[in-house]
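Here are a few exercises to work through with the model open. Try each task before you read its solution.

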Amino acid sequence: MIYATRRETFSASHRLHQDNLTEEENSNLYGKCNNKFGHGHNYILEVVVAGEIDPATGYLIDLKKLKSIIRENVIDKLDHHHLNFDVEFMQGIIPTTENLAVEIWKQLVDKIPHGKLYSVKIFETENNYIEYKG
């Protein structure tokens with residue numbers, strides 16, 4: 001088994017908020033992440049594909065193709081957008097990094113032409129990241 005990783009970056013804003021909670025409850029739960037105007041992050045996304053090397057090409061997956069798949073299905077939809085309002089696949093979902101990782105997985109899992117999606121890792125800050133393995 002071999003693993004190929006593509007790293008991409010995007011900037012997005014969001015607000016952590018639940019409509020069924022009071023403003024005070026949301027503030028207590030999410031702190032400054034509940035700012036009514038939202039806040040943003042410069043995210044780093046790592047997508048890992050696992051599989052076997054194709055003897056005909058020497059690749060697990062053509063990384064240029066993987067880049068294109070990630071950009072078309074994820075980055076173009078997220079970069080410089082507000083996760084709560086602008087991103088169709090995040091509608092009705094609390095835009096935590098955990099939920100974002102799961103939803104990005106769903107956008108990519110059936111689009112990988114060779115190998116199989118192994119993990120989606122999102123760095124929200126240089127010290128905090130979430131990894132989802134389906």
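Let's call a residue buried when its relative accessible area is under 20%, exposed when over 50%, and partly exposed in between (1.4 Å probe, protein chains only). This is a predicted model, where local features need pLDDT of at least 70, side-chain atom pairs count only at pLDDT 80 or more, and totals for chains, interfaces and linings use all residues. Residues are numbered from 1 along each chain as its sequence is written, and side-chain values use heavy atoms, with hydrogens and water left out.

**Exercise 1.** Work out what percentage of the protein chain is buried.

*Solution.* Start with the chain length: there are 134 residues. Of these, 39% are buried.

**Exercise 2.** List the elements of the protein chain in order from the N terminus.

*Solution.* Take helices (H or I, at least four residues) and strands (E, at least two) as DSSP runs, numbered from the N terminus. You'll find three helices and five strands. Read along the chain and they go β-α-β-α-β-α-β-β.

**Exercise 3.** Find the strands that pair with E2, and say how they run.

*Solution.* Two strands pair if DSSP finds at least two bridges between them. First, look at E1 (residues 2-14) and E2 (residues 39-51): they're antiparallel, with 13 bridges. Ser11 sits opposite Asn42 of E2. Next, go to E4 (residues 116-123), which is antiparallel to E2 and joined to it by seven bridges. Here Ala50 has Lys116 of E4 as its bridge partner.

**Exercise 4.** Give the spans of the C-alpha trace along its principal axes.

*Solution.* For the protein chain, they come to about 60 × 25 × 25 Å.
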